[in-house]
Amino acid sequence: MANKNTDDRTLEDNPAKGDSDTPTDLATLRQIVFGAAQADIELKLSRLESKMLERFQQSDQKLAAQVSELNKAMQTGFEELQLKVNSVDKMYDDKTSELNAYADKLSSELEMSDSNGRQETDELHTRVDKEVAMLTEKYDARFSEALERLDEVTKELSSTKTDRKTLAKLLATMAVNLETDED
């Protein structure tokens with residue numbers, strides 16, 4: 001109120017200076033009427049601005065810290081994924097090498113088995129050929145022996161003039177004996 005009285009006197013002391021001083025008077029009048037409120041508002045605005053700037057700076061710092069943490073977490077995640085990928089690649093390479101080694105081993109065993117099979121087949125053929133040759137010799141010998149006996153029996157029958165029924169029985173018996181000997 002003291003300011004108001006002082007300002008009122010100033011207005012009264014300078015009642016009319018002219019139209020050129022009107023804007024200054026208007027500013028002075030505003031200062032008188034709204035001065036304290038305006039100063040209070042300006043002070044509040046200034047405080048609000050400084051608080052806002054401070055909070056923006058804090059938010060900016062927090063955001064920067066969170067972005068930094070996020071980048072670190074992403075980098076750590078990428079490194080872990082890279083380690084896992086490298087591990088899987090190594091495991092794949094190891095399994096591939098293992099399978100290739102196993103395939104080589106199987107191929108080698110197959111070649112050995114094939115070689116052994118051929119050798120055994122050759123040995124079996126040789127053995128079969130020998131046995132066939134032996135059986136052929138025995139059969140030829142027995143066949144020759146049977147023919148000789150048949151000739152003997154034929155000569156004997158011719159000389160003894162045995163009847164044909166006896167000859168047929170004798171030949172049948174000889175055939176049975178030959179079959180039995182072959183088995």
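**Salt bridges and surface along helix α2**

Trainee: In this predicted model, is D94 buried, partly exposed or exposed?
Mentor: Let's work it out from the numbers. The relative accessible area of D94 is 41%. Buried would need under 20% and exposed over 50%, so D94 counts as partly exposed.

Trainee: Which residue forms a salt bridge with D94?
Mentor: Good place to go next. Side chains of opposite charge can pair when their charged atoms come close. For D94, the closest N and O atoms of the pair are 3.1 Å apart, and the cut-off is 4 Å. The partner is exposed, with a relative accessible area of 52%, and its name is K90.

Trainee: Why are D94 and K90 separated by about one helical turn?
Mentor: Look at where the two residues sit: both belong to helix α2. D94 and K90 are separated by about one helical turn because their spacing in that helix is 4 residues.

Trainee: How far apart are the closest N and O atoms in the salt bridge of K44 with D40?
Mentor: Start with the setting of this pair. K44 and D40 are also in helix α2, 4 residues apart. K44 is exposed at 52% relative accessibility, whereas D40 is partly exposed at 35%. Their closest N and O atoms are separated by 3.6 Å.

Trainee: Which residue pairs with D114 in a salt bridge?
Mentor: The partner lies 4 residues from D114 in helix α2, about one helical turn. D114 is partly exposed, with 37% relative accessibility, while the partner is exposed at 55%. With the closest N and O atoms 3.1 Å apart, the salt bridge joins D114 to R118.

Trainee: How many salt bridges are there?
Mentor: You have already met some of them, including K44 with D40 and D114 with R118. The count for the model comes to 4.

Trainee: What is the accessible area of the nonpolar surface patch that includes I41?
Mentor: First place I41: this residue is in helix α2, residues 22-160. I41 is partly exposed at 48%, and patch members need over 30% relative accessible area. Joined by L45, L48, M52, L53 and F56, I41 is part of a patch whose accessible area is about 600 Å².

Trainee: What share of the protein chain's residues is buried?
Mentor: Consider the whole chain, which has 3 helices and 0 strands. Its accessible surface is about 16700 Å², with 56% belonging to carbon and sulfur atoms. Out of 183 residues, the buried share is 3%.

Terms used
Residues are numbered from 1 along each chain as its sequence is written. This is a predicted model: local features need pLDDT of at least 70, side-chain atom pairs count only at pLDDT 80 or more; totals for chains, interfaces and linings use all residues. Side-chain values use heavy atoms; hydrogens and water are left out. Patches are made of residues with over 30% relative accessible area and no salt bridge: like charges are joined within 9 Å, nonpolar side chains (Val, Leu, Ile, Met, Phe, Trp, Tyr) within 5 Å. Accessible areas come from the Shrake-Rupley method with a 1.4 Å probe; for residues, only the protein chains shown count as cover. A salt bridge is a side-chain nitrogen of Lys or Arg within 4 Å of a carboxyl oxygen of Asp or Glu. Buried means under 20% relative accessible area, exposed over 50%, partly exposed in between (1.4 Å probe, protein chains only).
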